[in-house]
Amino acid sequence: MQLKFTKHMCSFPAASEETLPLNLGKPADFTWRDYLLMLLKIDAGIEHGLMVQYLYAAYSLGGEQVPADKRAMVRKWQQTILSIAKEEMGHLITVQNVITCLGGAVSLEREDYPWDHDFYPFPFELEPLTLDSLAKYVYTEAPLGWGEAEPPSSALKSAISSHKTAIMKRVLQGKIPPRPDVKSVAALFKVVLEIIKDPNRISDDDFHPETFAQQASWAAWGRNHGQVSGEDAQGELSPDNAKPQKVRTCPTTADVIVVPVATRDDVINALTQVAEQGEAAHSTVEQSHFARFLHIYNEFSQHFPENSKGQPKDQKAQPARDLPINPTTMDKLKRQNGDMAARTTTIKNPLTCLWASLFDLRYRLLLTYLTHTFRLARGTNPNKGPGTYQALTHRAFGEMYNLKALSEILVRSPLDEPGKPFKPAGPAFQMPYTLELPENAVSCWLQYRDILDACENVRADIHHACDTLSTQEQKYLATMANADRECQKWLETVLDAARVASSLEQ
Amino acid sequence: MKKHTQKNTPTIEDIRILPSLAIGRLGSAKEPLDNYEVETDPKAPLGFRRITQAETFIVDTKSGEITGTRPPADTPPKFKSGNKIRPVAPFLEVFASVSSAKGETELVPLTTDMLQAAGLRVRWHIAAGNLKVWRRTQKEKDKILAHLSDVEDHQLYPLKGVSKHFVKDSKGKRKHIPFGTIQFIKPNTAFPEIRLRFTPANGWVYGSTPLPKHPNVEIPQEMGGPAYSDVDIPDERIVYDSEKGTWNGKYRDDQPTLNTLSQGLYAAYGKAPYFNYYDDPQPARGYLDDACDGIVTIELLDQHDKIQFTAKARFCAAPPIFAPDSEFVRTVQDDVMQVLLGPQVDPDNTPLEASLDIVRRAYETVRFMNVNVLNGDTIKGRPNHADTMPADDSSDYDRPYAPVMAPHSIDTLAITALHQQLYTAMSSGTAPWFYDALRKPDETADLTDKGRRKMPALMSGADTNYLALTHRQIDTIKHAGQGNMFDSAPPAESSGLTPRNLTAQLQYRGRGNPLNTHIASSVGNCCPGLELDFRSIWKRAFEGITLVEHDNYVLAAEGKYEDLQGHRLLSIEIPDADGAIQIHPVVVQAIGPSADGTSVGPLRTEDNPDAVVNLEWSNTLAAIWKHKGDYLTCRFTKEKMLEQQVLADIPKKQTITRKLKVRDFFETGTTVINEDLASPGELTQGLCSPWQNDFRECVCYYWASSRPDYVNIEPASDGGSRGDNWMTKKRTGQYVVDDYKDNRLINYQELFNEWEALLKFQIGGRDVPEE
């Protein structure tokens with residue numbers, strides 16, 4: 001976790017503490033509102049970190065080495081892990097809604113991987129899906145005293161009893177065992193909710209319902225995944241003649257929670273839903289993240305067994321590609337990042353580095369679009385028609401699609417220099433140097449022009465670096481270029497309008 | 001059939017006519033439209049595809065010969081000649097099934113040499129019909145039929161549509177409606193192949209004699225503004241006798257089950273701003289058109305006049321496609337392909353390109369839709385009264401009115417870009433991941449917010465509910481390119497034109513035929529349809545009964561099934577791949593939020609207390625066709641019920657079951673739709689009469705890439721888009737929301753009389769400049 005947070009969290013209770021201290025860990029030099037906003041910002045970083053970590057794990061799955069009879073199962077695992085990542089995105093966005101409602105600044109920042117965090121028992125890391133990484137995900141998503149509250153006959157209880165010991169052993173004996181002094185995300189939410197619930201700590205005036213229109217809604221961001229949430233849920237209650245739905249054994253579709261908030265009750269309900277989704281089901285047809293990871297762990301250990309030494313019995317026939325741990329395009333990282341640099345892998349292939357750069361640019365574009373939407377009030381432009389807000393929302397989704405495509409290219413691209421034995425690379429998800437929006441509207445739009453121009457340059461470099469791109473890679477680059485040209489055209493119109501508006505204001 | 005052999009010539013083993021269903025397109029210009037191709041620009045793969053002229057046959061209609069060809073060119077053909085639209089006149093080619101030197105059977109063009117060698121000659125028969133009036137009135141004398149028999153020469157033959165209710169001219173001869181012309185193209189040295197050409201009619205509106213002064217005749221209401229009832233039909237086009245027939249003033253749709261869906265698809269209109277027959281039903285005003293569909297039959301006769309080989313094909317005459325560089329997301333080809341190959345794809349052998357094609361067609365469709373309007377949002381602060389799906393949800397099901405997507409959240413440019421981003425990501429080899437977002441065919445009446453937001457959104461299907469793709473399209477998106485995750489080699493491409501490769505036959509367009517002659521250019525969500533009311537094809541799926549094209553009511557029954565007339569089909573028991581019986585209901589219940597928004601449940605109305613909705617036949621019957629010739633158990637209501645509708649799961653004691661034999665959808669071994677399913681004229685019988693009515697009354701949520709809605713689109717300064725309603729007479733860049741009393745829009749009279757001049761073709765999303 002960044003020092004700027006850590007230094008204020010000395011009093012925050014560790015996960016091992018059973019009761020919360022009276023001051024809820026608040027340093028003396030903070031007001032309650034300020035402390036709350038910091039905690040929410042910390043949580044946003046965690047949600048973001050988890051989301052990307054899971055995306056990387058999901059995209060690692062596949063490859064020709066996967067036995068034909070196991071491919072359908074592996075594909076389903078990928079869909080399941082992607083569904084969890086989408087739900088983490090929902091958490092991230094809902095937390096931004098709460099921050100906005102409380103008058104804070106939207107925060108999509110996080111550290112690059114690997115990333116040691118006070119609230120996460122392991123460093124956040126990008127790594128391919130293995131039994132070791134799955135064990136960590138199960139461990140961290142598990143509720144306190146996991147398994148104790150399950151009905152004795154449930155499949156979950158059975159899976160827990162079969163694997164709990166193995167999972168605990170695996171994480172405790174892993175290269176980086178869980179931190180003993182870790183603070184838990186569950187405690188973070190507990191503290192946050194305690195603060196919000198108390199009118200003496202957060203007054204009614206601290207809520208800004210007028211920001212509701214600027215917040216993200218399920219209708220716009222949920223993309224119809226899962227149960228309707230927030231105010232959109234009105235009229236979406238259970239059919240009066242509905243038959244009980246069968247609980248999915250391992251859902252492959254996400255149940256995205258995106259809740260805009262206006263009041264104290266809204267905020268409490270939204271954060272309670274977010275807090276519970278990891279550990280417990282959000283609906284009767286859903287399984288918690290914990291249960292889903294455990295299900296995959298169960299199948300993984302059965303279908304890709306290990307020998308007595310804890311090595312895969314068949315090294316070659318694994319469900320995931322052998323992706324690098326914490327790929328980076330940065331060289332000489334060690335000097336800058338101390339010990340954690342030992343857990344990074346530099347992408348040394350020049351062409352792959354270019355693809356990785358293109359990935360990072362699109363990632364930046366996505367995060368910038370997302371941040372910007374919170375500034376543009378939805379539905380409140382002068383015409384009361386769709387405008388820049390909705391355009392950016394849809395463009396953000398377009399960039400998610402690009403990240404998917406580029407991830408699939410990167411996991412097939414060589415990590416090392418030409419001539420060396422093939423090892424696959426992977427998406428580095430490197431954070432941009434800034435996500436701060438300029439004050440001026442014109443400058444906000446100019447950012448996109450810069451990023452799109454940079455993408456064009458990288459595409460040209462890719463063509464220059466390689467004259468043997470696959471047909472699909474060529475087609476993808478040409479299609480992306482075409483989409484970017486259309487976006488630039490749209491951007492010019494919006495920029496012109498912003499300039500006119502700016503000149504009128506002066 | 002006998003085999004005919006001669007030295008050095010292939011042996012004719014069988015014959016086919018291809019394409020098996022050719023679309024002609026109406027227009028009164030003298031010169032038919034040139035052949036053209038549509039291709040993707042590799043430098044702008046997301047842009048409007050390029051239209052280029054392709055090799056075009058020049059036919060001398062006097063001699064009947066092809067005298068030469070116009071070479072390909074980089075520019076699009078001229079779709080209009082002055083103020084007249086160039087008709088699209090398809091060629092129907094005859095192929096012979098022959099054995100190659102390698103012993104493989106293939107289809108090759110039938111030539112004069114082959115005929116000569118086999119001692120055979122050609123004879124054609126053509127039958128066509130326009131049954132639009134008959135479909136409504138059910139009076140046999142209202143059928144407009146045309147026949148040409150024993151055509152062996154190469155003259156240009158007019159195809160004359162005649163009805164017994166047509167008046168006689170001054171010479172005492174019964175008037176007719178010209179359906180176009182037929183010409184057996186004379187083979188010559190350069191073009192020795194056997195082919196027939198259908199040139200459709202002008203696209204004119206025909207009328208009825210003045211209304212008789214009779215107490216039982218209702219005079220249609222006069223409207224303010226542009227007077228629709230004053231449509232001026234020239235005397236020579238007054239063909240229908242209003243004294244003898246009921247089509248003018250005496251007929252009105254008043255029985256929802258038996259009438260077309262929608263009712264009143266003739267020149268009738270209710271209260272403004274958009275057509276709503278139910279609120280204010282009006283009598284038919286006696287208008288007819290010169291569209292038709294038909295069947296051509298070829299016979300190869302030996303010296304003793306004995307028929308040695310015969311083959312059939314279908315044709316129809318339809319309005320033009322006004323956005324020829326775009327394809328619709330669900331076409332008739334998708335529906336026919338589902339019959340041919342089944343509702344499921346081979347999960348391990350479906351190339352990514354198949355789903356890319358669907359996504360491309362999705363953005364080619366949505367880019368002509370003003371999605372802001374179709375979402376039901378207010379427009380510039382003004383209530384939105386356009387005919388939209390959310391408006392229909394409220395009027396048909398009493399669902400509380402609400403936009404489909406979040407209010408003001410969608411704009412055409414942004415949604416087009418979003419679909420294009422899907423395409424972009426998939427073009428890298430990424431398999432589609434949005435199967436869950438698609439509406440399944442049995443979810444078309446799910447009017448919850450979540451149900452309405454599934455894809456395709458905002459559009460109507462053939463059942464007037466939300467459009468679903470075909471099962472096969474949906475399964476394509478589920479499975480296409482899935483092997484890429486495991487670096488599997490792409491599936492092999494299919495082989496060429498052979499007698500057994502029915503897919504290739506179905507996709508065959510024909511030499512010299514423009515792209516818009518093929519069923520891949522034809523909208524598939526027929527309600528009623530543009531080229532064809534394809535719903536009509538399913539009504540005789542089972543031998544012995546005839547269903548209504550949009551309803552589960554048994555309209556007619558014969559033989560041992562005679563007692564089923566008047567009952568309703570509820571479900572069909574169909575064995576699945578493992579032989580287990582699956583029950584396929586043909587009706588579902590519409591669900592949605594209650595009026596107070598506190599619960600979700602059946603959307604009951606006074607007329608429809610169980611909220612029963614008929615599912616479209618194409619998807620509902622998709623699983624039966626592989627059981628052709630077999631008997632399937634069908635469950636019917638025990639009682640006859642015309643007015644009432646019931647759900648499929650009513651108590652069994654209220655039902656009866658019968659085993660019914662599934663017909664073959666195609667003529668044996670071919671891709672020609674079985675004549676038992678639809679006789680000439682039946683494939684177009686449910687369409688509007690005249691078809692121009694549909695362009696005025698049915699907005700683009702059926703067919704945006706054929707009849708565009710939103711054109712000349714540019715980014716707007718507010719971040720959305722600006723552009724024109726295609727139906728506006730003057731282009732301003734300010735979209736006019738549909739309202740037929742708004743004189744900025746083309747009105748009925750103008751559309752009936754000047755449609756060719758007023759309707760503008762779109763190339764690249766822009767009006768093609770007038771000459």
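Helices here are DSSP runs of at least four residues, and strands are runs of at least two. By that count, chain A has 14 helices and 2 strands. The model is predicted. This briefing covers chain A as a whole, then a helix, a loop residue and two charged patches of chain B.

**Chain A overall**
- Chain A has 506 residues, and 57% of them are buried.
- Take the contacts in chain A with a separation of 6 or more: 78% of them join residues 24 or more positions apart.
- The exposed area of chain A is about 21,500 Å². Carbon and sulfur atoms supply 51% of that area.

**Helix H6 of chain B**
- H6(B) spans residues 389-397. Of its 9 residues, 7 are buried, so the helix is largely enclosed by the rest of the structure.
- The buried positions start with Met389(B), Pro390(B) and Ala391(B). Asp392(B), Asp393(B), Ser394(B) and Tyr397(B) are buried as well.
- Two helices of chain B pack against these buried residues: H5 (371-374) and H8 (449-452). Strand E30 (612-614) of chain B does too.

**Ala590 of chain B**
- Ala590(B) sits in the loop between strands E27 (587-589) and E28 (591-593) of chain B.
- Its relative accessible area is 0%; buried means under 20%, so Ala590(B) counts as buried.
- Leaving aside residues up to four places away in sequence, Ala590(B) touches Tyr397(B), Ala445(B) and Gly601(B). Pro602(B), Leu603(B), Ala611(B) and Val613(B) are also contacts of Ala590(B).
- One of these contacts, Tyr397(B), is among the buried residues of H6(B).
- Lys539(B) is 51 residues from Ala590(B) along the chain. The C-alpha atoms of the two are separated by 23 Å.

**Positive patch on chain B**
- Five residues gather in a surface patch of positive charge: Lys141(B), Lys164(B), Lys168(B), Arg174(B) and Lys244(B).
- Within this group, Lys164(B) lies in the loop between strands E15 (156-161) and E16 (177-185) of chain B.
- Lys164(B) has a relative accessible area of 58%; the cut-off for exposed is over 50%, so Lys164(B) is exposed.

**Negative patch on chain B**
- Glu543(B), Glu558(B), Glu562(B) and Asp676(B) form a negative surface patch.
- Glu543(B) is in the loop between helix H10 (502-507) and strand E23 (545-548) of chain B.
- The relative accessibility of Glu543(B) is 31%, so Glu543(B) counts as partly exposed.

Terms used. Residues are numbered from 1 along each chain as its sequence is written. Chains are lettered from A and ligands numbered from 1 in the order in which they are written. This is a predicted model: local features need pLDDT of at least 70, side-chain atom pairs count only at pLDDT 80 or more; totals for chains, interfaces and linings use all residues. Side-chain values use heavy atoms; hydrogens and water are left out. Patches are made of residues with over 30% relative accessible area and no salt bridge: like charges are joined within 9 Å, nonpolar side chains (Val, Leu, Ile, Met, Phe, Trp, Tyr) within 5 Å. Accessible areas come from the Shrake-Rupley method with a 1.4 Å probe; for residues, only the protein chains shown count as cover. A salt bridge is a side-chain nitrogen of Lys or Arg within 4 Å of a carboxyl oxygen of Asp or Glu. Lys and Arg count as positive and Asp and Glu as negative; His and the chain ends are not counted. The place of a charge is taken as NZ of Lys, CZ of Arg, CG of Asp or CD of Glu. Buried means under 20% relative accessible area, exposed over 50%, partly exposed in between (1.4 Å probe, protein chains only). Contact means heavy atoms within 4.5 Å.
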